Amino acid sequence: MYVCLCKGITERQLRAAIAEGNTEFKQLKCELGVGSQCGKCVPVAMAILAEENAKTPLYYEVA
Ligand code: FES
């Protein structure tokens, strides 16, 4: 599914870029150009980003 029609960015490309370490929106914008034109894709891109970031714990508990 296309997330960003202006730049032709798919959900798969977005998730791959996040998996490669682009865990902030500004990084995705620099890397792929998502949200850099009309901006209509920003809410969906942010939702995907939040979903992917939620899969990765931000900290590790030390016993
Ligand atoms: S749809 Fe992404 S910038 Fe326009």
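**Close-up views**

**View A. Arg15 sits in helix α1.** This predicted model places Arg15 in contact with Ile48 and Glu52, once neighbours within four places in sequence are left aside. Should we call Arg15 buried, partly exposed or exposed? Its C-beta atom has 15 C-beta neighbours inside 10 Å, so Arg15 counts as partly exposed; a residue needs 20 or more to count as buried. Look also at Leu49: it follows Arg15 by 34 residues in sequence, and yet the two C-alpha atoms are 7.7 Å apart.

**View B. The whole chain, to help you find your way around.** The protein has three helices and two strands, and reading along the sequence gives the order β-β-α-α-α. Its C-alpha trace spans about 50 × 20 × 15 Å along the principal axes. Of the 63 residues, 21% count as buried. Taking contacts between residues at least 6 apart in sequence, 46% join residues at least 24 apart.

**View C. The span that carries a domain annotation in UniProt.** An unreviewed UniProt entry places the feature "domain: BFD-like [2Fe-2S]-binding" at residues 2–51. In the model this span is 54% helix and 10% strand. Its end C-alpha atoms lie 17 Å apart.

**View D. The largest nonpolar core brings together 11 residues.** Reading along the chain, the members are Val3, Cys4, Ile9, Leu14, Ile18, Leu28, Leu32, Val34, Cys41, Ala45 and Leu49. Which elements give two or more residues to this core? They are strand β1 (2–4) and the helices α1 (11–19), α2 (25–32) and α3 (42–55). Zoom in on Leu49, one of the core residues, and you will find Ile18, Phe25 and Leu28 touching it, with residues up to four places away in sequence not counted.

**View E. Ile9, a core residue, has its place in strand β2 (residues 9–10).** Why does Ile9 count as buried? Its C-beta atom has 21 C-beta neighbours inside 10 Å, and 20 or more is what the label asks for. Setting aside residues up to four places away in sequence, Ile9 touches Val3, Cys4, Leu14, Leu32 and Val34; each of these partners is also listed in the largest nonpolar core. For a sense of scale, the C-alpha atoms of Ile9 and Gly35 are separated by 10.0 Å, with their positions 26 residues apart along the chain.

**View F. Helices α1 and α2 pack at an angle of about 115 degrees.** Their axes are 10 Å apart, and α1 passes α2 in a right-handed crossing. From α1, the contact is made by Gln13, Leu14 and Ala17; from α2, by Leu28, Glu31 and Leu32. By type, these contact residues divide into four nonpolar, one polar and one charged. Leu14, Leu28 and Leu32 will be familiar, as they are also among the members of the largest nonpolar core.

**View G. Lys7 is placed in the loop between β1 and β2.** Which residues does Lys7 contact beyond its neighbours within four places in sequence? The list runs Leu32, Gly33, Val34, Ser36 and Gln37. Lys7 has 17 C-beta neighbours inside 10 Å and therefore counts as partly exposed, since buried residues have 20 or more. Val44 makes a handy reference point: it is 37 residues from Lys7 in sequence, and 14 Å from it in space, C-alpha to C-alpha.

**View H. Val42 belongs to helix α3.** Val42 counts as partly exposed because it has 16 C-beta neighbours inside 10 Å. How far apart are the C-alpha atoms of Val42 and Glu20? They are separated by 19 Å, and the two residues are 22 apart along the chain. Further along α3 (42–55) you can return to Leu49, whose C-alpha atom is 7.7 Å from that of Arg15, back where these views began.

Key. Residues are numbered from 1 along each chain as its sequence is written. This is a predicted model: local features need pLDDT of at least 70, side-chain atom pairs count only at pLDDT 80 or more; totals for chains, interfaces and linings use all residues. A nonpolar core is a set of buried Ala, Val, Leu, Ile, Met, Phe, Trp, Tyr and Cys residues joined through C-beta atoms within 7 Å. A residue is buried if 20 or more other C-beta atoms lie within 10 Å of its own, exposed if 12 or fewer, and partly exposed in between; C-beta atoms are placed from the backbone. Helices (H or I, at least four residues) and strands (E, at least two) are DSSP runs, numbered from the N terminus. Two residues are in contact if their C-beta atoms, placed from the backbone, lie within 7 Å. UniProt positions are given in the numbering used here, feature names are shortened, and annotations may be inferred rather than shown by experiment. Axes are lines fitted to C-alpha atoms, for helices over the stretch in contact, and angles run from 0 to 180 degrees between N-to-C directions. A crossing is left-handed if the near helix is turned anticlockwise from the far one by less than a right angle, and right-handed if clockwise. Ala, Val, Leu, Ile, Met, Phe, Trp, Tyr, Cys and Pro count as nonpolar, Asp, Glu, Lys and Arg as charged, and the others, Gly among them, as polar.
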